[in-house]
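Please follow this chain from one point in its interior outwards to the metal site, the loops and finally the overall fold. Keep the sequence and the model side by side while reading.

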Amino acid sequence: MQEAMAHSTKNFKVTEFACKCGRFECLHYGIKQELINAVQKLRDLAGVAIFVNSGYRCPWWNEKVGGEKNSMHVKGLAADIWCEELTPEELKKFAEEIPEFANGGIGIYNWGIHVDVRGRRARWDRRTKRK
Ligand SMILES: [Zn+2]
Ligand SMILES: [Zn+2]
């Protein structure tokens, strides 16, 4: 059974979450609707623009960019996001308020945060500098 392709929300286009490998044979739009919806909820709560660095990654691209083998990006359940107006710490605080992320994965980096809707709690801090 083929799942319906995810659709855009008020502030996010599905293309923003597409795989960036550029290969013809790539599925491109493997992102799951539940992830986009949760990012939209975060956008509504934060009230500021949120940028998507990485959403769905095909296994080939995931390996290329050094992603973990069982990456939630490959499952279409994750996004790496950042904000001009908020620090990663502040963005993470908002993400903790969204049930899908509170009960999912949140990783903090220098550039922003990783969020995913894996359905169980996971937290990590990969910042190499603190201000
Ligand atoms: Zn790809
Ligand atoms: Zn990520």
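A79 lies in strand β2, where helices (H or I, at least four residues) and strands (E, at least two) are DSSP runs numbered from the N terminus. With a relative accessible area of 0%, A79 is buried; in this text buried means under 20% relative accessible area, exposed means over 50%, and partly exposed is what falls in between, with a 1.4 Å probe and protein chains only. Not counting residues up to four places away in sequence, A79 touches F17, L35, V39, S54, G55, H73, I113, H114 and V115, a contact being heavy atoms within 4.5 Å. One of these partners, V39, is 40 residues from A79 in sequence, and the two C-alpha atoms are 8.3 Å apart in space.

The model is predicted, so that local features need pLDDT of at least 70 and side-chain atom pairs count only at pLDDT 80 or more, whereas totals for chains, interfaces and linings use all residues. Residues are numbered from 1 along each chain as its sequence is written, chains are lettered from A and ligands numbered from 1 in the order in which they are written, and side-chain values use heavy atoms, with hydrogens and water left out.

Two of the residues that A79 touches, H73 and H114, lead to the metal site. The zinc ion (ligand 2) is coordinated by H73 through NE2, by D80 through OD and by H114 through ND1, at 2.0 Å. Donors here are N, O and S atoms within 2.8 Å of the metal (3.2 Å for Na, K and Ca), and, as water is not among the atoms, sites may look incomplete. In sequence, the donor residues of this zinc ion follow the spacing H-x6-D-x33-H. The pair H73 and H114 links distant parts of the chain, 41 residues apart: H73 is in the loop between α2 (59-64) and β2 (78-82), while H114 belongs to strand β4 (residues 113-116). Both H73 and H114 are buried.

The loop between α2 and β2 also holds S71 and E68, and which of these two is buried, and which exposed? S71 counts as buried because its relative accessibility is 9%, whereas E68, at 54%, counts as exposed. Leaving aside neighbours up to four places away in sequence, S71 touches R57 and N62, and E68 is in contact with N62 and R126, so N62 is found in both sets of contacts. The C-alpha atoms of E68 and N110, which are 42 residues apart along the chain, are separated by 18 Å.

Another loop, between α1 (33-46) and β1 (51-54), is the place of V48, and A49 is found there as well. V48 is buried, with a relative accessible area of 15%, while A49 counts as partly exposed at 32% relative accessibility. Beyond the neighbours within four places in sequence, V48 is in contact with R43, C83, E85 and L86, and A49 is in contact with R43, C83 and E85. For longer separations, V48 and G119 are 71 residues apart in sequence and 26 Å apart in space, C-alpha to C-alpha, and the C-alpha atoms of A49 and G105, 56 residues apart along the chain, are separated by 21 Å.

In the segment before α1 the reader will find H28, which has a positive phi of about 60° although it is not a glycine. At 23% relative accessibility, H28 counts as partly exposed.

These local views can now be set within the whole chain. There are four helices and five strands, and from the N terminus on the elements run α-β-α-β-α-α-β-β-β. A compact globule of 131 residues would have a radius of gyration near 14 Å, and the chain agrees with this at 14 Å; the radius is taken over C-alpha atoms, and the globule rule is 2.2 Å times the number of residues to the power 0.38. Along its principal axes the C-alpha trace spans about 40 × 30 × 25 Å. Of the 131 residues, 45% count as buried, and among contacts between residues at least 6 apart in sequence, 56% join residues at least 24 apart.
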